[in-house]
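Trainee: I would like to go through the labels used for this structure and see what each one rests on. Can we take them one at a time?

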Amino acid sequence: MRVLAYLVTIIVTTALTLGAGLLVALYLREAPDGVLIAAATAAPFLVIGPLVIGSWAAYFDDRTPSGRSRWLRTAILVVVAVIAAAADVVVIASVSARAPLWVPAVLVGGSAVLVALARPLGGRFRRTEVPMVDLRDQILPGPDVIRRKVTKIGATFVVAAVVTAVGVTVLNVLDHSRPHEAVIGILLAGQLTFLATAFAAIIVALPFSRLLRDAGGRDVDRLRRYAKLVLRGKGSPVDADEQPALVRYAQVVQLVLQFNLAYVMLLYVSIAFQFISGILRGSLVVFSAVFLVIMVSVLVWALPRTIRRIRRARRYVEEHRSSTGSRQPENLLP
């Protein structure tokens, strides 16, 4: 049930984000290039912002005495401020483009509704979660578990590639598409293939995220402290009683980072196909080119950083292997 809810959330979020981008492309293109690029960049935050707030509410309870977190409350306020700034940019772009009034009303009003629903829905989703497993009863995923999950991701890619390739071929034949249109269709097939595979990568890694939160007692402040110690090598050392939980965090976080990296890479390829298709179609050429440059720049910055963190987590486990207090057979998750 939780996996289904997660999948529905991803699909709805993706559809709403694409819808917001489509409204910007269709109705705000008369705005100056700089304003149009700003609006196209800001529009996804109207959907992603509420998703972030809802996700935090789904994983961490900041309304109970044991779950209060000043950092979490501050982070939510920052996200709300980003959403408000994105809404202002969209309104300015709408005025500049002389767009119909309903366009900013749908974008900004829809985002406001999502913000209002985010925390209640997240809290309801959190209450369906299974009880936390004691550290001594946790079992670390073995190599065969990882192989099965990678196989599922590969199978998703193959199936999606075959289905989209057949669909594009049939459409090209029926419509007697010219080479230019055929290339755009191939790019669309590639976009959908990599997008489906990205979804598979994040979904199969959900059990690892649960283990990661359990290692920190589902306490966001404790998990932040663990991340600072393990991934950045900073912070105060923990006492002996807390060391097994910290080692468990280091063991699991490297898996989470690897699957997250795979998800981001696959998603980036999907988005790149979309923007290249937009350039070939002649729509939002400047925005597509600028965004591709930004994507490459972010990837050049984030990829080495993530790899360093994975290596630090592995090194921490090697240095404190005797501190773990949980079982580690070869099999864990179905």
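Mentor: Start with the word contact, which means heavy atoms within 4.5 Å. By that rule Leu-231, leaving aside its neighbours within four places in sequence, is in contact with Tyr-226, Tyr-249, Val-253, Leu-257, Arg-309, Arg-312 and Ala-313. Keep in mind that this is a predicted model.

Trainee: How many helices and strands does the protein chain have?

Mentor: The protein chain has 11 helices and zero strands. Its pattern along the sequence is therefore written α-α-α-α-α-α-α-α-α-α-α, with helices numbered from the N terminus.

Trainee: What makes a set of residues a nonpolar core?

Mentor: The members must be buried residues of the listed nonpolar types, joined through side-chain atoms within 4.5 Å. The largest such core here has 61 residues, and Leu-28, Val-230, Leu-231 and Tyr-249 have the most contacts inside it. Helix α10 (residues 243–281) supplies the largest share of this core, 12 residues. Another core, of five residues, lies apart from it; Ile-10, Phe-199, Ile-202 and Ile-203 are among its members.

Trainee: Why is α4 called roughly antiparallel to α5?

Mentor: The axes of helix α4 (residues 70–97) and helix α5 (residues 102–126) cross at roughly 170 degrees and come within 9 Å. Angles over 145 degrees count as roughly antiparallel, so α4 is roughly antiparallel to α5. The crossing of these two helices is left-handed.

Trainee: Which residues of α4 and α5 make the contact?

Mentor: On α4 they are Ile-76, Ile-83, Ala-87, Val-90, Val-91 and Ser-94, and on α5 they are Pro-104, Leu-107, Val-108, Ser-111, Val-115 and Arg-119. By class, nine are nonpolar, two polar and one charged.

Trainee: How do you know that α6 is roughly antiparallel to α7, rather than roughly parallel?

Mentor: Helix α6 (residues 143–175) and helix α7 (residues 179–204) have axes that cross at roughly 155 degrees and come within 8 Å. With the cut-off again over 145 degrees, α6 is therefore roughly antiparallel to α7. The crossing of α6 and α7 is right-handed. Their contact has 14 nonpolar, six polar and three charged residues.

Trainee: Is Ser-288 buried or exposed, and what makes it so?

Mentor: Ser-288 has a relative accessible area of 2%. Buried means under 20%, so Ser-288 is buried. Ser-288 is in helix α11 (residues 285–319). Its C-alpha is 8.8 Å from that of Ala-272, with the two positions 16 residues apart in sequence numbering. Over the whole protein chain, buried residues make up 40% of the 334 residues.

Trainee: And Arg-98, is that residue buried or exposed?

Mentor: Arg-98 has a relative accessible area of 75%. Exposed means over 50%, so Arg-98 is exposed. Arg-98 lies in the loop between α4 and α5.

Trainee: What is the phi of Arg-98, and why would a positive value be worth a remark?

Mentor: Phi of Arg-98 is about 55 degrees, a positive value although Arg-98 is not a glycine. Most residues other than glycine have a negative phi. Arg-218 also has a positive phi, near 55 degrees. Arg-218 is in the loop between α8 (206–215) and α9 (220–232).

Terms used:
Residues numbered from 1 in each chain as written. Predicted model: local features only at pLDDT ≥ 70, side-chain atom pairs only at ≥ 80, totals over all residues. Heavy atoms only, no water. Buried < 20%, exposed > 50% of the residue type's maximum accessible area, 1.4 Å probe, protein only. Helix = DSSP H or I, 4+ residues; strand = E, 2+ residues; numbered from the N terminus. Axes fitted to C-alpha atoms, helices over the stretch in contact; angles between N-to-C directions. Parallel < 35°, antiparallel > 145°, perpendicular 65-115°, else oblique. Left-handed = near helix turned anticlockwise from the far one by under 90°. Nonpolar A, V, L, I, M, F, W, Y, C, P; charged D, E, K, R; others polar.
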